[in-house]
Amino acid sequence: MSKTGNTIRFHCRNIHLDSGEITEGEVLCAADKPLEISLGSKTTDSVKLPDTAHIALGRVDPHVHFRESAEPTREEVETYGPEGVDYDQLIESIRKANAQYSIRSGCL
């Protein structure tokens, strides 16, 4: 596989764009960096994917990738929550769990 440092270049004839178009070009992948797309280009050190390969760039759906929980109000917990729940402990637990998530963890 062709590499330049930590960067891997893929050449693909079927890159699906948000506009609905399918075009050819290169996708550059490097650790800890966003994908770089060079439409229409092809360098000699890129890995040529088979003509049957497709690259469809997805979007991050925050409902799926970011799992931060909402903090309910005291009234919501009293009305809908299980009986006997300590509201302050519940909020503390939610905040501790939410502190584990970041943009990076959500994108991974």
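## From a strand pair to the whole chain

In strand β4, Ile-37 is the bridge partner of Val-27. That single bridge is a convenient place to enter this predicted model, since the strands around it can be followed outward in both directions along the sequence.

Taken as a whole, the chain holds six strands and four helices, and the order of these elements, read from the N terminus, is β-β-β-β-β-β-α-α-α-α. Of the 108 residues of the chain, 17% count as buried, while the exposed surface comes to about 8200 Å², with carbon and sulfur atoms supplying 51% of it. If one considers the contacts between residues at least 6 apart in sequence, 40% of them join residues at least 24 apart.

The strands are best taken up pair by pair. Strand β2, which spans residues 7-16, pairs with strand β3, residues 22-30, in the antiparallel sense and over eight bridges. Five residues lie between the two strands of this hairpin, and Gly-20 takes a positive phi near 100 degrees there. On its other pairing, β3 meets strand β4, residues 36-39, again in the antiparallel sense, over four bridges. The hairpin of β3 and β4 also has five residues between its strands, and in this case the residue with a positive phi is Asp-32, at a value near 60 degrees.

Which residue of strand β3 has bridge partners in these pairings that can be named on both sides? Glu-26, a residue of strand β3, is the bridge partner of His-11, and in β4 Glu-26 is bridged with Ser-38.

Is Glu-26 buried or exposed? Its relative accessibility is 1%, and because buried means under 20% relative accessible area, Glu-26 counts as buried. The side chain of this glutamate nevertheless has polar company: a polar contact of 3.3 Å links the side chain of Glu-26 to that of Arg-9, and another, of 3.0 Å, joins the side chains of Glu-26 and Ser-46. Once neighbours within four places in sequence are set aside, the residues in contact with Glu-26 include Phe-10, Ile-15, Glu-36 and Ile-37, and also Ser-41, Lys-42 and Thr-43. Arg-9 and Ser-46, the two polar partners, are on that contact list as well, as are the bridge partners His-11 and Ser-38.

Strand β4 also leads to the surface of the model. Leu-39 lies in this strand and is partly exposed, with a relative accessible area of 46%; that label applies because the value falls between the 20% limit for buried and the 50% limit for exposed. Together with Leu-35, Ile-37 and Leu-57, Leu-39 forms a nonpolar patch on the surface, whose members have about 320 Å² of accessible area together. Ile-37, the residue bridged to Val-27, is thus met again as a member of this patch.

The helices offer a further example of a buried side of the chain. Ile-94 belongs to helix α3, residues 87-98, and counts as buried at 13% relative accessibility. What does Ile-94 touch, leaving out residues up to four places away in sequence? The residues touched are Ser-69, Ala-70, Glu-71 and Pro-72. For Ala-70 the separation can be given in two ways, as 24 residues in sequence from Ile-94 and as 7.9 Å in space, C-alpha to C-alpha.

Methods
Residues numbered from 1 in each chain as written. Predicted model: local features only at pLDDT ≥ 70, side-chain atom pairs only at ≥ 80, totals over all residues. Heavy atoms only, no water. Buried < 20%, exposed > 50% of the residue type's maximum accessible area, 1.4 Å probe, protein only. Contact = heavy atoms within 4.5 Å. Areas by Shrake-Rupley, 256 points an atom, 1.4 Å probe, with all protein chains shown as cover. Pairing = 2+ DSSP bridges. Patch = residues over 30% accessible without salt bridge, like charges linked within 9 Å, V, L, I, M, F, W, Y side chains within 5 Å. Salt bridge = Lys/Arg side-chain N within 4 Å of Asp/Glu carboxyl O. Polar contact = N/O pair within 3.5 Å; in protein donor to acceptor, adjacent residues only side chain to side chain.
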